Amino acid sequence: MPNLVIHPALPALLVAFAAAGSAGCGLSSEGEAQAAETRVNPALTPALIAEGQAIFRFDTFGDEQLWTDQLRMHEVVATIDPITALAIGLKVDSEALPPGLLDTADLSDPATTAALLKLDAVVGIKASIDDDNRITRLGITCALCHSSVDDSVGPGIGRRMDGWANVDLDPGAIIALSPAVPLEAKAVYTSWGPGKYDPRFNIDGLSTPIVLPPAYGLRHIRNATLTGDGPVSYWNAYVAVTQMGGQGNFSDPRLGIDVRHTPDLVTAKLPALRAYQLSLKAPPPPVGSFDRVAARRGFPVFARNCMGCHVGSSRTDNNSGRLHAPEETGMDGAYAARTANKAYRTTPLRGLWQHPPYFHDGSAATLADVVEHYDDTLALGLTAAERADLIEYLKTL
Ligand code: HEC
Ligand code: HEC
């Protein structure tokens, strides 16, 4: 058996992992291979990026076994109309819709949801629909949590913007709709709220939800995750296998996790998936969203007070291996304690304007709150003018 610790509150979610079989033991070579890959800083060829985009948007890695066979979400989604789906943060890809469809579609009819799914227009959800417009199978993709749309057609409806943190999505509320989730666990899932998820709850049974981060702007970042647990592909495999319920291998002795599936539908896709993520640039701030002159004044304030940790163009000292104990920056340590590294990576600041709230737990609602937090915690003694300028500078990143 895999030595994954299984929390008793969540049997349904975990049968997937327990059923994984156990072909091996100890540290897999995948982790090492992924680390080596990142060291060579791969060439991002257009073909590899395109392949990765298709995986990011549409590949479920076989996770229907979790979302359909165990959680029975296909039955739940069949009762959800598009208005409700949009309200829990799901997004609709307008470019997948035939012209005029939205003029006539009834957004209060669950049948419209099935029609949208048939068109592959619901971002991050992949479904099979039969001839009677019934959802027969359904799974999720990376895009669910890490893509949004530009709202060009309406709220939640527009062109895809991959890599954007879906700050509106309420993954806990969605999972809690499953008839297979025990009441006790439902209470935990519904406590997280929009824009947050706990990617370790089904491993250790604890709940300290963290913000859904962007998956863009990672080209020159050595380690992914808030705690820098490993390179992008390490984390992609973790999420695909242990969270999405994908059929693949993931092993990390630091966490006591060793899950294996045959066939492995994840590992071979990691290089293309990584190439796509590394190709995603952080979105520039909208025109007029910050005061240019004040931002210019804010840069030296940032350089003096922040660049000890947010160094260089990557704005993180983690590329040289550094991590920070939670108390160094006045952070709550409960989430870090559950991770492999147990300390926080200096977040590589990118697209800040796009994804409030800030810090791992969303404890700063605005950039003003971020600056106030540091001013207090690090006793910086910033003047009101310096604080205001620094905020304008942060809006440009
Ligand atoms: C249910 C929502 C969800 C899904 C689905 C999901 N993620 Fe994430 N992702 C998260 C959360 C939450 C984190 C933060 C974890 C951390 O940093 O400790 C995260 C972190 C990341 C990061 C690290 C970002 C950084 O700043 O270092 C990357 C990259 C990423 N995810 C890519 C992916 C890919 C690729 C997939 C598909 C295989 C995926 N995610 C599926 C929720 C999700
Ligand atoms: C001692 C190192 C250190 C210093 C100094 C520092 N930071 Fe950070 N910063 C971190 C760490 C570590 C995190 C991750 C904390 C977390 O999420 O819990 C972080 C997170 C952030 C975030 C959150 C990003 C996000 O996507 O949620 C912002 C914004 C930020 N810092 C801005 C600043 C500013 C502005 C300053 C200067 C006033 C500053 N930092 C000084 C280490 C530092």
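Here is a short chat between a student and a tutor about this predicted model.

Student: Let's start with the strands. How many bridges join strand 2 to strand 3, and which way do the two run?

Tutor: Look at residues 125-129 for strand 2 and residues 135-140 for strand 3. One of the pairings puts Lys126 opposite Gly139, and another makes Leu138 the bridge partner of Ala127. Strand 2 and strand 3 are joined by five bridges, and they run antiparallel.

Student: Which residue in that hairpin takes a positive phi?

Tutor: Go to the stretch between strand 2 and strand 3, which holds five residues. One residue there has a phi near 65°, and that's Asn133.

Student: On to ligand 1. Which helix gives the largest share of the shell around it?

Tutor: Helix 9 (143-146), helix 13 (232-243) and helix 14 (270-279) each supply at least two residues of that shell. The largest share is five residues, and it comes from helix 13.

Student: Which residues come nearest to ligand 1, and how many of its shell are charged?

Tutor: There are 25 residues around ligand 1, and the nearest are Cys142, Cys145, Ala224, Thr225 and Leu226. Sorting the shell by type gives 20 nonpolar and five polar residues. That leaves the charged count for ligand 1, which is no residues.

Student: Is Thr242 buried or exposed?

Tutor: Thr242 sits in helix 13. In space it's 8.8 Å from Arg200, C-alpha to C-alpha, though the two are 42 residues apart in sequence. Thr242 has 24 other C-beta atoms within 10 Å, and the cut-off is 20 or more. So Thr242 is buried.

Student: And Phe250, is that one buried or exposed?

Tutor: You'll find Phe250 in strand 9 (residues 250-252). Its C-alpha atom is separated by 6.0 Å from that of Ala237, 13 residues apart along the chain. Within 10 Å, Phe250 has 30 other C-beta atoms, so Phe250 is buried.

Student: What about ligand 2: which helix gives the largest share of its shell?

Tutor: The 23 residues around ligand 2 have Cys306, Cys309, Tyr358, His360 and Tyr374 as the nearest. Two elements give two or more residues to this shell, helix 16 (367-377) and helix 17 (384-395). The largest share is three residues, and it comes from helix 16.

Student: How many charged residues are in the shell around ligand 2?

Tutor: Split that shell by type and you get 14 nonpolar residues and eight polar ones. The charged count in the shell around ligand 2 is one.

Student: How do helix 16 and helix 17 lie: parallel, antiparallel, perpendicular or oblique?

Tutor: Their axes are 9 Å apart, and the helices pack at an angle of about 125°. Helix 16 passes helix 17 in a right-handed crossing. Angles of 65 to 115 degrees would count as roughly perpendicular and those over 145 as roughly antiparallel. Helix 16 and helix 17 are therefore oblique.

Student: Where are the cis peptide bonds that lead into Pro263 and Pro357?

Tutor: Pro263 is in the loop between strand 10 (257-259) and helix 14, while Pro357 is in the loop between helix 15 (292-305) and helix 16. For the bond leading into Pro263, omega is near -5°, and for the one leading into Pro357 omega is about 0°. The cis bonds run from Thr262 to Pro263 and from Pro356 to Pro357.

Student: Asp151 isn't glycine, so what is its phi?

Tutor: Asp151 is found in the loop between strand 4 (147-149) and strand 5 (157-158). With 14 other C-beta atoms within 10 Å, Asp151 is partly exposed. Its phi is a positive value, near 60°.

Student: Last one: what is the phi of Lys342, and where is that residue found?

Tutor: Lys342 has 16 other C-beta atoms within 10 Å, so Lys342 is partly exposed. Its phi is positive, in a residue other than glycine, with a value near 65°. As for its place, Lys342 is found in the loop between helix 15 and helix 16.

Conventions
Residues numbered from 1 in each chain as written. Chains lettered and ligands numbered in written order. Predicted model: local features only at pLDDT ≥ 70, side-chain atom pairs only at ≥ 80, totals over all residues. Pairing = 2+ DSSP bridges. Helix = DSSP H or I, 4+ residues; strand = E, 2+ residues; numbered from the N terminus. Near = placed C-beta within 6 Å. Nonpolar A, V, L, I, M, F, W, Y, C, P; charged D, E, K, R; others polar. Buried ≥ 20, exposed ≤ 12 C-beta atoms within 10 Å, placed from the backbone. Axes fitted to C-alpha atoms, helices over the stretch in contact; angles between N-to-C directions. Parallel < 35°, antiparallel > 145°, perpendicular 65-115°, else oblique. Left-handed = near helix turned anticlockwise from the far one by under 90°.
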